[in-house]
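Biologist: I would like to learn how to read a protein model. Could you walk me through one, feature by feature?

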Amino acid sequence: MSTTTRAADHASLAKPLAPEDVRAGDYVAVLDEELQWCAANWYCDPPPHGERVIHVRLRPREAAPPLRVLDACLPFVFVEPPDGAGYTLDLRAVRLARLDKGYARRVVKAMRGVARSSGKNRSKR
C-alpha cells in the first residue's frame with residue numbers, strides 16, 4: 001500500500017551550507033543573519049560589561065527570492081537575485097542554504113514573468 005501523495009512527490013528540502021561548500025552556479029537562500037552590538041550600547045553599562053560584544057542571530061522576516069551564486073572568494077560570495085542586481089554576501093554574517101535547482105529555476109522564471117508583466121502595465125499608463 002502506497003501512502004505517498006502527489007504534493008510529497010514534488011517537495012524538496014533546502015540544505016544548510018558550510019561556507020566551503022558554496023559553489024558558483026548554486027541557488028541559495030539566506031537562512032539567518034548574525035548581528036553584533038557592543039554591550040555598552042545594549043545594556044548602557046560601563047566597562048567591564050561594555051567591552052563585550054552581543055551576538056544575535058535573526059531569520060529574515062520575509063523570504064527572499066532565490067539567489068544564484070556567480071562567484072566566491074571566501075568569506076565573500078557574489079550573488080544575483082532574479083532582477084539581476086548582483087551584490088556580495090559576507091559568510092561570516094549570514095548562513096546560506098542550497099536550494100533545489102528545479103525549485104529555484106521555477107521561482108526565478110515566475111518572478112521574471114511577473115516583473116515583465118508589471119513593466120508592460122507601467123508603460124501603458
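Biologist: Let's begin with strands. Which residue in β5 does Asp71 stand opposite?

Modeller: Happy to help, and keep in mind that this is a predicted model. When you read paired strands, look for which residues face each other across the pair. Here, Asp71 stands opposite Phe78 in β5. The strands β4 and β5 run antiparallel and are joined by five bridges.

Biologist: How many residues does the hairpin use to join β4 to β5?

Modeller: Two residues make that connection. Pro75 is in this loop, between β4 (67-73) and β5 (76-80). Look at the peptide bond there too: Leu74 and Pro75 are joined by a cis peptide bond, with omega at about 15°.

Biologist: And what does β5 do with β6?

Modeller: They pair in the antiparallel sense over four bridges, β6 being residues 87-90. Val77 stands opposite Leu89 in β6. This is a hairpin as well, with six residues between the strands, and Gly84 in the turn has a positive phi of about 85°.

Biologist: Now salt bridges. How many does the structure hold?

Modeller: Six. To spot one, look for a side-chain nitrogen of Lys or Arg within 4 Å of a carboxyl oxygen of Asp or Glu. Take Asp32 and Arg57, whose side chains meet at 2.5 Å, N to O. Asp32 is in strand β2 and Arg57 in strand β3 (residues 53-58), so this pair links distant parts of the chain, 25 residues apart.

Biologist: Is Asp32 buried or exposed?

Modeller: The cut-off for buried is under 20% relative accessible area. Asp32 has 7% relative accessibility, so it counts as buried. Arg57 has 43%, and therefore counts as partly exposed.

Biologist: Which residue of β5 forms a salt bridge with Arg68?

Modeller: Glu80 does, and the closest N and O atoms are 2.6 Å apart. Because Glu80 lies in strand β5 and Arg68 in strand β4, the pair ties together parts that are twelve residues apart in sequence. Glu80 counts as buried at 17%, whereas Arg68 is partly exposed at 31%. Salt bridges can also share partners: Asp32, Glu34, Arg57 and Arg95 are joined into one network that way.

Biologist: Last topic, pockets. How many residues line the largest pocket?

Modeller: It is lined by 13 residues, and Ala29, Val30, Glu62, Ala63 and Ala64 lie nearest its centre. The space in this pocket is about 300 Å³. After that, check the character of the lining: twelve residues are nonpolar, none polar and one charged. The largest share, three residues, comes from β2.

Methods: Residues are numbered from 1 along each chain as its sequence is written. This is a predicted model: local features need pLDDT of at least 70, side-chain atom pairs count only at pLDDT 80 or more; totals for chains, interfaces and linings use all residues. Side-chain values use heavy atoms; hydrogens and water are left out. On a 1 Å grid over the protein atoms alone, a cavity is a set of points where a 1.4 Å probe fits but cannot get out, and a pocket is an open set with protein on both sides within 12 Å along at least five of seven lines; lining residues have an atom within 4 Å of a point. Grid points are joined across faces, edges and corners, and a volume is the space filled by probe spheres set on the points. Ala, Val, Leu, Ile, Met, Phe, Trp, Tyr, Cys and Pro count as nonpolar, Asp, Glu, Lys and Arg as charged, and the others, Gly among them, as polar. Two strands pair if DSSP finds at least two bridges between them. Buried means under 20% relative accessible area, exposed over 50%, partly exposed in between (1.4 Å probe, protein chains only).
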